[in-house]
Amino acid sequence: MNKTIRRASVFALLLVFALLIRATWVQFYEAQALADDTDNRRGAIETYSEPLGNIIVAGKAVTGSADTTSGDLRYKRTYTNGKLYAAVTGYASQSYAPTQLEGIYAGLLNGTDSRLKTVMDTVTDQRADPGDVITTIDPAVQKAAYDALGDKKGAAVAIDPGTGKILAVVSTPSYDPSSLTDANTAGTAWKQLNADSDKPLVNRALRQPLAPGSTFKLVVAAAALEDGLYSSVDEKTDSKDPYTLPGTRTVLANENTSAPCENATIRVALQYSCNNVFAHMAVQLGQDKLRATAEKFGFNDDSLDVPVRAYASVYPSDMNESSTALTGIGQFDVTATPLQMAMVSAAIANGGEMVSPHMVSQITDSGGDVLKDYDDEAATTRIVSASTAEQLRSAMQTVVEKGTGTNALIDGVTVGGKTGTAQNGENNSKAPYAWFTSYGTSDSTGKQIAVAVVVEQSDAARSEVSGNGLAAPVAKAMMEAALKK
């Protein structure tokens, strides 16, 4: 064999070895990455080759699957009352990554979750029949919140204090997840939804923390009672009116200038929402003690899964005394989601104990056998003493019966609540946020519910924006739906 042929043969052999090595690398090391690549259509073809499992509300599926009749994606996701449940279900799209429960339980719903496989599925390497997600949502409470919010921009969350079950998660304006399911039409809907200044794809209930305003005064009051700064909600506080922020010439005004806020008790200060009392109380406690109590309630927790990951509500650090004072009224850099403020009311309603909030009760296989029971796994944590919780419940009842929260009164239900109107924008240049958080206890059955509502924007004149005027009626509708069945 001459030299030229020999060299060509060696070069060809090296090329063969290179191809073998590359093929081996792709098959054993890059296979999963390629399978997961969003540009790989085979995954979507496999996912939508069969009907998906369902998300269940009160025994009825609010999702489904429909034959597409054409194309290589045989089925697409469908939704019943899609706008009503969008903040719960999210969407499963042929074009975009799934969100909310659709995303978290994608493997269960499309049959690829290993827990679904039978011995025969394993042997034949077949995809298992999909499972279902059983939610804790109460359809009556969900609808009451959605209808009451109407065309307002806002959100609402309801929790059963004794079990931690989330009964409602509503974010408005909402969107129809069905508009995103079909690959042929999803692109246009996606552009429209993302261009909308009202951001309908944002889950305001779980993932948009805002200044909580005076609803945060419940946390401050809890810290003062737990620390022993004051022994009772009926003990007079050391509170000047007007109150000048420490180290400044800024006078902190009260909304109601004629309210009896000077040296007011915690009960009266909550009843009239006295800024001077809670701003000074925050300074007396100091930011570290106040932060510790806030964190017990769930603030600064960036791993809160319900099972959707909720954005952390924040109590800040490294502040001077004037900023600490402002945190006492839920301003400066304090932020909270409606979920977080519902958790505050739930813990107070439940005797100072918080049951971990969750909106999935169980996940099951195709035959209905339970794969995981979240109700049984819900953890209970002591947040404040039973005595502190009892006193706060009593003071919150005063707020509703003869204070700033009278629009939440319900016959036959003991209601306690706290209003809030939080400044928004530089120098309060934008419409304030209207908040209301509350609990309700049926006088006949003892059944309870805890609620938080925020209204970011409405048609109301700026002078009419208040927690009692805008948010309390939404909370009332939700409590009635849960307790007056």
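## Worked exercises on a predicted model

The open sheet here has five strands in the order 2-1-5-11-12, with mixed pairing. Strands (E, at least two residues) and helices (H or I, at least four) are DSSP runs numbered from the N terminus, and two strands pair if DSSP finds at least two bridges between them. This is a predicted model, where local features need pLDDT of at least 70, side-chain atom pairs count only at pLDDT 80 or more, and totals for chains, interfaces and linings use all residues. Residues are numbered from 1 along each chain as its sequence is written, and side-chain values use heavy atoms, with hydrogens and water left out.

**Exercise 1.** Work out which strands stand at the edges of the sheet, then look at how strand 11 and strand 12 pair.

*Solution.*
- Step 1: strand 2 (60-61) and strand 12 (370-373) each have a single partner strand, so one side of each has no neighbour in the sheet.
- Step 2: strand 12 pairs with strand 11 (residues 360-364) in the antiparallel sense, over three bridges.
- Step 3: for one bridge, take Gln362, whose partner in strand 12 is Asp373.

**Exercise 2.** Place Ile21 in its helix and decide whether Ile21 is buried or exposed.

*Solution.*
- Step 1: helix 1 (residues 3-29) holds Ile21.
- Step 2: on the scale used, buried is under 20% relative accessible area, exposed is over 50%, and partly exposed is in between (1.4 Å probe, protein chains only).
- Step 3: Ile21 has 60% relative accessibility, so Ile21 counts as exposed.

**Exercise 3.** Find Gln94 in the chain, classify its accessibility and list the backbone atoms that its side chain reaches at 2.9 Å.

*Solution.*
- Step 1: look in the loop between helix 4 (82-89) and helix 5 (100-104).
- Step 2: Gln94 is buried, because its relative accessibility is 10%.
- Step 3: a polar atom of the Gln94 side chain lies 2.9 Å from the backbone oxygen of Tyr75.
- Step 4: the backbone nitrogen of Ala183 also has a polar atom of the Gln94 side chain at 2.9 Å.

**Exercise 4.** Describe the surroundings of Asp301, starting from its loop.

*Solution.*
- Step 1: Asp301 sits between helix 14 (287-297) and helix 15 (321-327), and is partly exposed at 28% relative accessible area.
- Step 2: leave out neighbours within four places in sequence, and Asp301 is in contact (heavy atoms within 4.5 Å) with Ala312 and Ser313.
- Step 3: check the C-alpha atoms of Asp301 and Ala312, which are 5.3 Å apart although the residues are eleven apart along the chain.
- Step 4: a polar atom of the Asp301 side chain lies 2.9 Å from the backbone nitrogen of Ser303.

**Exercise 5.** Pick out two cis peptide bonds and two non-glycine residues with positive phi.

*Solution.*
- Step 1: recall the background: most residues other than glycine have a negative phi, and most peptide bonds are trans.
- Step 2: Thr172 to Pro173 is cis, with omega near 0 degrees, and Pro173 lies in the loop between strand 7 (166-172) and helix 9 (186-195).
- Step 3: Val306 and Pro307 are joined by a cis bond with omega of about 5 degrees; Pro307 is in the loop between helix 14 and helix 15.
- Step 4: Lys199 has a phi of about 50 degrees and lies between helix 9 and helix 10 (204-207).
- Step 5: Asn263 has a phi of about 55 degrees and belongs to the loop between strand 9 (251-252) and helix 12 (266-272).

Conventions:
Polar contact = N/O pair within 3.5 Å; in protein donor to acceptor, adjacent residues only side chain to side chain.
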